Amino acid sequence: MKTTRFVLMTATVIALMMATACSSSKGLGRHSGRLKSEQTTERKTKSEKAMQRKDRSTTVVDNQADGPQAPLNKEEFLGQVSENAQLVRFITSKIKFSVEVGNRQMTLTGNLKMKRDDVIRLQLMAFGFVEAGRLEFTKDYVLIVDRINKQYLKVPYDQLDFLRINNIDFYTLQALFWNELYQPGRSYMTQSQQNNLQAEPGVDDDVVLSYSKGKLSYRWLTDAKNARIKMTNIQYDDYVRGNYQLNWDYDEFKANERKFFPTKHMVTFTAPDKLVKIDMKLNYIGKDEDWETRTELSGKYRQMPVDEILRRFMSL
């Protein structure tokens, strides 16, 4: 039962991590404490080094193997990054999780099913064949299901303070899962928002795209050659209240029709008193359309109050 409980808590952690990691200063202001230096992980250090800026240039350089090339216009490069977005409507796969919450670790299996502009579903398995937990994001609500204890939480985004106050919706989460640029509060990044992005050379052949809003900073690490997003970084800096950071790294890109999609996702969320790390490995990139995009529950399931979900998260 310890295994199944931790599987369920993993689903809860993922849901709340997504909500908190992209928070505005108003929402984050309710937390206290400072980021402890001992929480700095090897992954975080690597990401920060990759994000280091070489200068304040408005152009980026396409560093091909055959020597220096002419500067690449920012608008042209951003167009290439946007062009890398997936054309398919469905992405499905068996997945493998490596989860670390505090000092607890576990490797899980499951399924990822996504339909563009409609739903993101994660099914977490216990013992390799029993579905213990389900996490479902749609445009209208968030659903967390505890299959073992026949419990669930289903609420619209605007009824969850940490989502509503911080303007987090389905499209923000979709951009993270689908490896795309995004603009908070919008279903896609507008041309005017793209024009506001800074584009600066990073280390090696990387390009850092960024913009800031108050104490929040958003950065995307891309490679100059392929214009692929290698990492999304969201950071909230406050000396008094504490620092919060989300790193979502992408690796092992594989062809998906005419585009490339990362089959390895490494997520690290750091808060003053919480450290969550999730590695998600896709076994393949499928496009199965033969599945119900909405979870229907029988009358045997009991609705869980939001306070109980939050209490479980904070007790991890």
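Me: To fix terms, contact means heavy atoms within 4.5 Å. With that, what does Tyr171 touch, leaving out residues up to four places away in sequence?

Reply: This is a predicted model, and in it Tyr171 touches Asp117, Lys139, Arg186 and Ser187.

Me: Where does Tyr171 sit?

Reply: Tyr171 is in helix 6. Phe137 is 34 residues away from Tyr171 in sequence, with 9.8 Å between their C-alpha atoms.

Me: Why does Tyr171 count as partly exposed?

Reply: Its relative accessibility is 21%. The buried class stops under 20% and exposed starts over 50%, so a value in between is called partly exposed.

Me: OK, zooming out. How many helices and strands does the protein chain have?

Reply: There are eight helices and 16 strands in the protein chain. Buried residues account for 56% of its 316 residues. Of the contacts with a separation of 6 or more, 58% are between residues 24 or more positions apart.

Me: And what's the average pLDDT of the protein chain?

Reply: It averages 78, and 72% of the residues score at least 70.

Me: Which residues stay under 50?

Reply: Residues 19–41 do, and the model has 62 contacts for them beyond four places in sequence. The pLDDT is also below 50 over residues 53–70, a stretch with 36 contacts beyond near neighbours in sequence.

Me: How should I treat coordinates where pLDDT is low?

Reply: Don't read the predicted coordinates in detail there.

Me: Fair. Core next: which residues touch the most other members of the largest nonpolar core?

Reply: Phe97, Leu112, Phe177, Leu209 and Trp220 do, out of 60 residues in that core. Helix 6, residues 170–178, supplies the largest share, with six residues. There is also a second, separate core of five residues, among them Leu143, Val145, Tyr152 and Tyr301.

Me: What's the general tendency for nonpolar side chains?

Reply: In soluble globular proteins they tend to be buried together.

Me: Trp220 came up in that core. Which aromatic cluster is Trp220 part of?

Reply: Tyr182, Tyr211, Tyr218 and Trp220 make up one aromatic cluster.

Me: How many aromatic pairs does the structure hold?

Reply: Eight. One of them is Tyr211 with Trp220, a stacked pair with 6.1 Å centre to centre and 25° between the planes. The angle is under 30 degrees, which is why the pair counts as stacked.

Me: Tyr211 and Trp220: buried or exposed?

Reply: Tyr211 and Trp220 are both buried.

Me: I'm thinking about cation–ring geometry too. What sits over the ring of Trp178?

Reply: The charged end of Arg116 does, 4.3 Å from the ring centre. In another such arrangement, Arg228 lies over the face of Phe260, at 4.2 Å from the ring centre.

Me: Switching to the sheets. How covered is strand 6?

Reply: Strand 6, residues 130–138, is mostly covered, with eight of its nine residues buried.

Me: In which sense does strand 5 pair with strand 6?

Reply: Antiparallel, over eight bridges, with strand 5 covering residues 119–126. Within this pairing, Arg121 stands opposite Glu136 of strand 6. The hairpin has three residues between the strands, and Phe127 takes a positive phi near 60° in it.

Me: And how many bridges join strand 6 to strand 7?

Reply: Five, and those two strands run antiparallel, with strand 7 at residues 141–146. Gly133 is opposite Asp146 in strand 7. The hairpin from strand 6 to strand 7 goes through two residues.

Me: Back to phi. What do most residues other than glycine have?

Reply: A negative phi.

Me: Then what's the phi of Asp204, and where does Asp204 sit?

Reply: Asp204 has a positive phi of about 55° without being a glycine. Asp204 is in the loop between strand 9 (198–201) and strand 10 (206–213). Asp204 is exposed, at 63% relative accessible area.

Me: Where is Glu252, and what is its phi?

Reply: Glu252 is in strand 13, residues 244–256. Glu252 has a positive phi of about 55°, and it is not a glycine. With 33% relative accessibility, Glu252 counts as partly exposed.

Conventions:
Residues numbered from 1 in each chain as written. Predicted model: local features only at pLDDT ≥ 70, side-chain atom pairs only at ≥ 80, totals over all residues. Heavy atoms only, no water. Phe/Tyr/Trp six-rings, centres within 6.5 Å; stacked < 30°, edge-to-face > 60°. Buried < 20%, exposed > 50% of the residue type's maximum accessible area, 1.4 Å probe, protein only. Lys NZ or Arg CZ within 6 Å of the ring centre and 35° of its normal. Core = buried A, V, L, I, M, F, W, Y, C linked by side-chain atoms within 4.5 Å. Helix = DSSP H or I, 4+ residues; strand = E, 2+ residues; numbered from the N terminus. Pairing = 2+ DSSP bridges. pLDDT = per-residue confidence, 0-100.
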